[in-house]
Amino acid sequence: MAIRNKKKPLINRRKGPREAGRESNPFIANEFKEQDTWRMFRIMSEFVEGFESLRGIRPAVTIFGSARTPENAKDYQLAREIGAGLSKKGFSIITGGGPGIMQAANQGAHEAGGRSVGCNIELPFEQKSNPFVNLPVNFHYFFIRKVMFLRYTSAVIVMPGGFGTMDEFFEVLTLVQTHKIDPFPIILVNSEFWRGGLEWIKKSLLGSNYIDKDDLKIFRLADTAEEAVKIVTSYYKYKKLL
């Protein structure tokens with residue numbers, strides 16, 4: 001009786017074993033676990049490219065916010081004014097490079113004649129860099145992109161947004177709280193949007209002693225572009241740098 005050989009997985013010398021008829025794992029995090037050895041080279045190359053591209057942009061301010069904000073929204077115009085105001089003070093503007101709030105901030109920087117940086121991320125669904133970015137840098141990995149958001153920034157402004165914005169906000173809070181990075185202005189814009197979340201933080205986190213009272217001083221609130229720009233410039237005692 002003939003013994004049938006079990007079908008062996010296909011081997012890609014650069015990527016390791018994979019299933020027959022399958023080019024890549026649609027879930028990037030899972031694909032990372034399958035191909036970690038070779039992916040280390042891509043990770044290193046992304047870090048090098050990011051550092052080389054952005055090392056000359058200081059002083060800079062990173063602006064986070066929703067990709068879904070329409071151009072006729074109040075928050076869009078507010079982000080645009082903040083981007084312009086900070087650019088006129090000599091700051092580069094860093095965003096995720098996509099639509100919505102990111103585009104608004106880049107647009108303001110572009111219109112003010114400043115440096116408009118877009119750290120765009122590759123996603124399973126297409127996301128193109130917005131047309132107001134004049135220094136684009138593309139990333140495959142979220143964690144490398146997040147390093148670049150903070151590596152060269154002098155302040156972070158957080159506009160209304162969804163899960164991605166909350167992730168970025170709480171990560172920067174954690175880094176400052178744990179002294180992993182030097183403190184700098186963290187500004188939440190649109191106090192009405194943040195009210196419920198801040199009440200929950202005070203009641204559930206502070207109320208349960210999961211954070212200290214002083215942790216609430218890590219960030220500030222602002223409702224106008226002028227307030228946001230003033231918080232940043234006052235912190236550094238900057239006058240116009242351009």
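Which residues have the most contacts inside the largest nonpolar core? They are Leu54, Cys119, Phe169 and Ile186, in a core of 33 residues. A nonpolar core here is a set of buried Ala, Val, Leu, Ile, Met, Phe, Trp, Tyr and Cys residues joined through side-chain atoms within 4.5 Å. Buried means under 20% relative accessible area, exposed over 50%, and partly exposed in between, with a 1.4 Å probe and protein chains only.

Before going on, note that this is a predicted model, in which local features need pLDDT of at least 70 and side-chain atom pairs count only at pLDDT 80 or more, while totals for chains, interfaces and linings use all residues. Residues are numbered from 1 along each chain as its sequence is written, and side-chain values use heavy atoms, with hydrogens and water left out.

**Whole chain**

Show the whole chain. It contains eight helices and nine strands; helices (H or I, at least four residues) and strands (E, at least two) are DSSP runs, numbered from the N terminus. Of its 242 residues, 45% count as buried. The accessible surface comes to about 14500 Å², and 55% of that belongs to carbon and sulfur atoms; such areas come from the Shrake-Rupley method with a 1.4 Å probe, and for residues only the protein chains shown count as cover.

**The sheet**

Select the strands of the open sheet. Seven of them lie in the order E6-E5-E4-E3-E7-E8-E9, with parallel pairing; two strands pair if DSSP finds at least two bridges between them. At the edges are E6 (135-139) and E9 (220-222), each of which pairs on one side only. From one strand to the next the twist averages 25°. Angles run from 0 to 180 degrees between N-to-C directions, and axes are lines fitted to C-alpha atoms, for helices over the stretch in contact.

**From E3 to E6**

Select E3 (residues 60-64) and E4 (residues 92-95), which pair in the parallel sense over three bridges. Alanine 60 has serine 92 in E4 as its bridge partner.

Next, add E5, which runs parallel to E4 and is joined to it by three bridges. Glycine 118 in E5 stands opposite threonine 95. To follow the chain from E4 to E5, trace helix H4 (residues 101-111); this β-α-β crossover is right-handed. A crossover is called right-handed if, with the strands pointing away from the viewer, the path from the first strand over the helix to the second runs clockwise.

Are the faces of E5 covered or uncovered? Both are covered: Ser116, Gly118 and Asn120 on one side, and Val117, Cys119 and Ile121 on the other, are all buried. On the way to the edge, five bridges pair E5 with E6 in the parallel sense, and isoleucine 121 has phenylalanine 139 in E6 as its bridge partner. Now show helix H2 (residues 36-54), which lies across E5 (116-121) and E6 and runs at about 170° to E6.

**From E7 to E9**

Turn to E7 and E8, which run parallel and are joined by three bridges. Valine 158 has leucine 188 in E8 as its bridge partner. With H6 between them in the selection, E7, H6 and E8 make a right-handed β-α-β unit. Ile186 and Leu188 on one side of E8, and Ile187 and Val189 on the other, are all buried.

E9 is joined to E8 by three bridges, and the two run parallel. Here the bridge partner of valine 189 is alanine 222. The chain crosses from E8 to E9 through helix H7 (residues 191-206), and this crossover is also right-handed.

**Residues to zoom in on**

Select threonine 165, in helix H6. It is buried, with a relative accessible area of 4%. Not counting residues up to four places away in sequence, threonine 165 touches Phe64, Gly65, Ser66, Val158 and Met159; contact means heavy atoms within 4.5 Å.

Move to isoleucine 157, in strand E7. Its relative accessible area is 0%, so it counts as buried. Beyond its neighbours within four places in sequence, isoleucine 157 is in contact with residues including Val61, Ile63, Ile82, Ile187 and Ala228. The C-alpha atoms of isoleucine 157 and isoleucine 82 are separated by 9.1 Å, and the two residues are 75 apart along the chain.

End at phenylalanine 169. Leaving aside neighbours within four places in sequence, phenylalanine 169 is in contact with Val158, Ile186, Leu188, Trp194 and Phe219. Apart from the largest core lies another, of 25 residues, among them Ala79, Phe91, Ala228 and Val232.
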